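Please walk through the structure below with attention to its sheets, its domains and the contact between its chains.

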Amino acid sequence: MTTETTREITYLEAVREALVQEMRRDKEVFLLGEDIGAYGGAFGVSKGMLEEFGPERIRETPISEAGIAGAATGAALMGMRPVMEIMFMDFLTISMNQLVNQAAKMRFMFGGKCSIPMVIRAPSGSGTGAAAQHSQSLEAWFVNVPGIKVVAPSTPYDAKGLLISAIRDNNPVLFMEHKLLYRMKGPVPEESYSISLQSAEVKRQGRDLTIVAYSIMVPRALEAAEKLAAEGIEVEVVDPRCLKPLDTETIIRSVSKTGRVLIAHEAPVTGGFGGELAAVIAGSEAFDYLDAPIRRLAGRDVPIPYNRNLERAAVPQVEDIVAAARALAQEGK
Amino acid sequence: MSLPIHEVTTVETSTSQRLLEELPLEKLAWMLQRMCEIRYFEEKAEDLYVRGLVHGTMHLSIGMEAGSVGSISTLRPDDLIIHHHRGHGHTIAKGADLTTMFAEFLGKEAGYCRGRGGSMHIADIPGGNLGATGVVGGGIPTAVGIALALQMHRSSQILLSYFGDGASNEGEFHESLNMASIWKLPVVFICDNNQYGMSMHVSRSMNVEHISTRAASYNIPGITVDGNDILAVYEAVLAAGEFARSGQGPSLIDCLTYRWRGHSKSDRNLYRTPQEIEEWKHKCPIKRFKKVLTDASVMTLDEVEALDQAAKMAVDHAAEEALTFPEPSPLNMEDEVYAP
């Protein structure tokens, strides 16, 4: 969607714009997290928001990740729409009891008589030299918990529209913001808009093979697709955008068309979300159209290392996607 | 108004006589009847379990009735509670319907949680009971959020947050008391201190004599009360509730009591002596309250026993009715996980 007000802003600015617009629209929406006030948040997402909304709604917390998650859960139970910022996704490990045992369970466990409309904003991923405890992609943990939704936008446009949907959703939504995407620019309309959570998007059309990628892997897959196009390999890139609930239809349609699929994500391969995607595809009508095995290209089964070269080698890079896609395009031919 | 940062009250300092004069007779009768209902409910729950009619486990609060009733009887009807796995007492004291409770306990569709929660997770959201948490201490951070919402909505309601002695060793307890303190939230933290975290006695699990001293770390009032003296509990929670309602913030009440039964149904009481259990049975909070009421001539023995029998009949009737209810259907369970 492009409108008269569309201009180029960064992914980080798009996230902020969604927050600001939703806070202006609905007084029940508020932010809480560490250093989100004068400091503006560890990555600067909430910069300037304290001035507009004041300390009650830009609520700074002590370094208490379980407490932050609990405060968000309880406030949501009371009908507010808290957006909690966790400084690094890795720190969600400290919040897990509140998120997994409380927020995700309360609706079902209490007989459907309450809802927990909250957003958990989590900067994820590697590439910043922050090593093993500040670089993880933990989406698979959350996807496996009934009661939580998981969103992982890859563009500024998607970030704004999906965050607005996440805030208006009546359930706990994990919103993953990849740190390397924060500075990426893209066209974003100034006015408010929402993108349905369960809606994958074909980011590039192609006939030879499908790459299913989300978050940082989308721009990498698109760059790989450019390179492969020069070799005559036409890649289709499908971005699920939301891992749960998953728009399986768009993925299955694409794979049925191309007959080959490469699944790319940054999280470690074993037990990663790619396994779920592979199972969805293998169990669908797309199976009949497959001309080659479903391939996964994911993070290696190691903690993210500090050293620049090791860090790059731990997760799929553009050249890895090019190589894997090129091989897959030839497989079985 | 100010409350002491740390205080221990004993039976001797309890102002029961004054309260007996101040509280209306109907209130005192209500309190006794709720205590009896809790006792009979749990005895009946045990009976149903022994008869093989219950699928899951349960955590009985027999011997701890003064804490739940004494604290909740200080509340306005629109005030809120959030509590824990040993929560039948809080639920009944907050005004739950006994039949709907038994229905939940038996896993019936007509139960408070439509049979999805069971004994450990009874919630009555419209009734202000925001649910029981089965993970030790897990309700305390959630309580901070509930109280935060009350404050941000400029509500005059307050919240009572219950947990056990074991929970006060969880990190979540400390994070939550700190946050509630810095934000001056309208919540009273109540430790149902039955002295055992499953099998571990408080003297081995912590190096403080009174859990209320932990309030000092957060610069909030802390008080240890005789949790088997319903009027002592009432007085302490009333003061803490007024403190919270007037915007002065949270406090911590350590309600010292004892559970007569094991932790859950698998407990064989290998960590404590029969003598110890017998000693505490002599401190029965219900017998004690009955004696206080009759000694002070607030009620006659006959009146007290009439309330007791009314509670027993209500419980028996509720259980019989709940047993006839249909089971829930396993179809479409997925549709209930997410709110539309």
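In this predicted model, T210(A) stands opposite E236(A), a residue of β11(A). The pair belongs to the ladder between strand β10 (residues 209-213) and strand β11 (residues 235-239) of chain A, where the two strands run parallel and are joined by four bridges. Both are part of an open sheet of five strands in chain A, ordered β9-β11-β10-β13-β14, and its pairing is mixed. At the edges stand β9 (201-204) and β14 (295-299) of chain A; each has a single partner strand, so one side of each lacks a neighbour in the sheet. On average, and with direction ignored, neighbouring strands of this sheet are turned by 25° against each other. Helix α10 (residues 273-282) of chain A lies across β10, β13 (261-268) and β14 of chain A, and runs at about 155° to β13(A).

The next step is from the sheet to the chain around it. Chain A has 12 helices and 14 strands, and is divided into domain 1 (7-188) and domain 2 (201-330). The C-alpha centres of domain 1 and domain 2 of chain A are 26 Å apart. Where the two meet, 25 residues of domain 1 of chain A are in contact with 25 residues of domain 2 of chain A. On the domain 1 side, the elements that give two or more residues are α6 (139-143), β6 (149-151), α7 (156-168) and β7 (173-178) of chain A. By class, this side of domain 1 of chain A has 13 nonpolar, nine polar and three charged residues.

How does the radius of gyration of chain A stand against that of a compact globule? For 333 residues the globule would have a radius near 20 Å, and chain A has 20 Å, so the two agree. Taken along the principal axes, the C-alpha atoms of chain A fill a box of roughly 60 × 45 × 45 Å.

Chain A also touches chain B, in a contact that takes 34 residues from chain A and 33 residues from chain B. On the side of chain A, two or more residues each come from α3 (65-77), α4 (92-103) and α5 (106-109) of chain A. Which of these elements gives the most? It is α3(A), with 10 residues. The residues on this side of chain A divide into 15 nonpolar, 16 polar and three charged.

Chain B has an open sheet of its own, with seven strands in the order β1-β8-β9-β5-β4-β2-β3 and parallel pairing. Its edge strands are β1 (7-8) and β3 (129-133) of chain B, each of which pairs on one side only. At one edge, β1(B) pairs in the parallel sense with strand β8 (residues 222-226) of chain B over two bridges, and V8(B) stands opposite T224(B) in β8(B). Helix α6 (residues 139-152) of chain B lies across β2 (80-84), β3, β4 (159-164) and β5 (187-193) of chain B, running at about 175° to β4(B).

A helix of chain B completes the tour. Helix α2 (residues 25-50) of chain B has 26 residues. From its first C-alpha to its last, α2(B) reaches 37 Å, close to the 38 Å expected at 1.5 Å a residue. After α2(B) comes G52(B), whose phi is positive, near 75°.

Conventions
Residues are numbered from 1 along each chain as its sequence is written. Chains are lettered from A and ligands numbered from 1 in the order in which they are written. This is a predicted model: local features need pLDDT of at least 70, side-chain atom pairs count only at pLDDT 80 or more; totals for chains, interfaces and linings use all residues. Domain bounds come from an automatic or database domain assignment. Two residues are in contact if their C-beta atoms, placed from the backbone, lie within 7 Å. Ala, Val, Leu, Ile, Met, Phe, Trp, Tyr, Cys and Pro count as nonpolar, Asp, Glu, Lys and Arg as charged, and the others, Gly among them, as polar. The expected span of a helix is 1.5 Å times one less than its number of residues. Two strands pair if DSSP finds at least two bridges between them. Axes are lines fitted to C-alpha atoms, for helices over the stretch in contact, and angles run from 0 to 180 degrees between N-to-C directions. The radius of gyration is taken over C-alpha atoms; the globule rule is 2.2 Å times the number of residues to the power 0.38.
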